[in-house]
Amino acid sequence: MDIKLEILIVEDDPNDLSDLITELDANSEYFSLIGSTANSEKAYEMVVESHPDVIILDLELQKGYGDGMDLLKKIHDSYFTRPPFILIVTNNISTVTHDIARSMGADYVMTKCQEGYTAKLPIEFLKISRELILTRKSTGSGVIITATQQSEYSEKRFRRLAFEEMNLVGINPKSSGYQYLADAIVFLAQDKNDHIYKLVAKKNGKADTTVARAMQNAINRAWNTTPPEILQKYYKATIKSNRGVPTITEFIYYYSHKIQTA
């Protein structure tokens, strides 16, 4: 059986805690919960005694005692041959606070207020990062998440958000244009903005013209069949075309920006 990652949750919101535990239970083949607390001092004692592989840490323990920064500082100032991987999950959106948390040993920061956030998101992130965390466990080295791991997570998140947005305006998931549009949106969100059609065509083994035609057909079909009030609600960009239908460029630029800022 594969080695399970041992998780400590430091969270003061009972609903958020319950949701995280539910997600861990649903992925019990990968994770084992060793405990939870809303007390930063108690959390430090649990780190010393139990040596968790991962800490899912809320920064602001308003309903508990202390705060996540206290715990980060104590861990940072202590000597651990195998420091835990620390995933911050917080409502705090201050980039300054996030930078300080990283400087004190946080490996990754995820905000609860981002669009589409559920307790499933941090657990999926840990599954993606599992190999890296197990390497830390076997070597005793405290490494920050690699650029490759972060890029993989970002791509999966961007793709999920792109699918959600297209579903809202009625892009048909069964059409080839649906997949091509998702590819184009994700490429653009990753700043791969040169020759988008060629990148999508190369990925799917198709001609540029075939990809472009399928994407525009998918958009046209949605704008011809989805109720106007739904389109107006979920697509806020200006449509310059006289036909009242977004061009491919308008569509993918709008959604790439939207998922980048989600």
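In this predicted model, strand β4, which spans residues 85-90, pairs with β5 in the parallel sense over 4 bridges. Within this pairing, V89 sits opposite M110 of β5. On its other flank, β4 meets β3, again in the parallel sense and over 4 bridges, and here L57 has I88 of β4 as its bridge partner.

These pairings belong to an open sheet of 5 strands with parallel pairing, arranged in the order β2-β1-β3-β4-β5. Its edges are formed by β2 (31-37) and β5 (108-111), each of which pairs on one side only. Direction ignored, neighbouring strands of the sheet are turned by 20° against each other on average. Further along the order, β1 and β3 pair in the parallel sense over 4 bridges, with V54 in β3 serving as the bridge partner of I7.

Strand β3 is a good place to pause. In a regular strand, side chains alternate between the two faces of the sheet. Both faces of β3 are covered: V54 and I56 on one side, and I55 and L57 on the other, are all buried. Helix α2 (residues 40-50) lies across β1 (5-10), β2 and β3 (54-57), and runs at about 145° to β2.

Returning to β4, the strand also contains T90. With a relative accessible area of 0%, against a cut-off of 20%, T90 is buried. Setting aside neighbours within four places in sequence, the contacts of T90 include V109, M110 and T111, as well as K112. D58, L59 and H98 are also in contact with T90.

Aromatic rings offer a second theme, with 11 aromatic pairs in the structure. One of them joins W223 and F251, whose ring centres are 6.2 Å apart; their planes meet at 80°, so the pair is edge-to-face. Because W223 lies in helix α10 (residues 208-225) and F251 in helix α12 (residues 248-260), this pair ties together parts that are 28 residues apart in sequence. Both partners fall below the 20% cut-off for burial: W223 has a relative accessible area of 13%, while F251 is at 0% relative accessibility. The two residues are also members of a wider group, since ring pairs link W223, Y235, F251, Y254 and Y255 into a cluster.

Note on methods: Residues are numbered from 1 along each chain as its sequence is written. This is a predicted model: local features need pLDDT of at least 70, side-chain atom pairs count only at pLDDT 80 or more; totals for chains, interfaces and linings use all residues. Side-chain values use heavy atoms; hydrogens and water are left out. Two strands pair if DSSP finds at least two bridges between them. Helices (H or I, at least four residues) and strands (E, at least two) are DSSP runs, numbered from the N terminus. Axes are lines fitted to C-alpha atoms, for helices over the stretch in contact, and angles run from 0 to 180 degrees between N-to-C directions. Contact means heavy atoms within 4.5 Å. Rings of Phe, Tyr and Trp (its six-membered ring) pair if their centres lie within 6.5 Å; planes under 30 degrees apart count as stacked, over 60 as edge-to-face and the rest as tilted. Buried means under 20% relative accessible area, exposed over 50%, partly exposed in between (1.4 Å probe, protein chains only).
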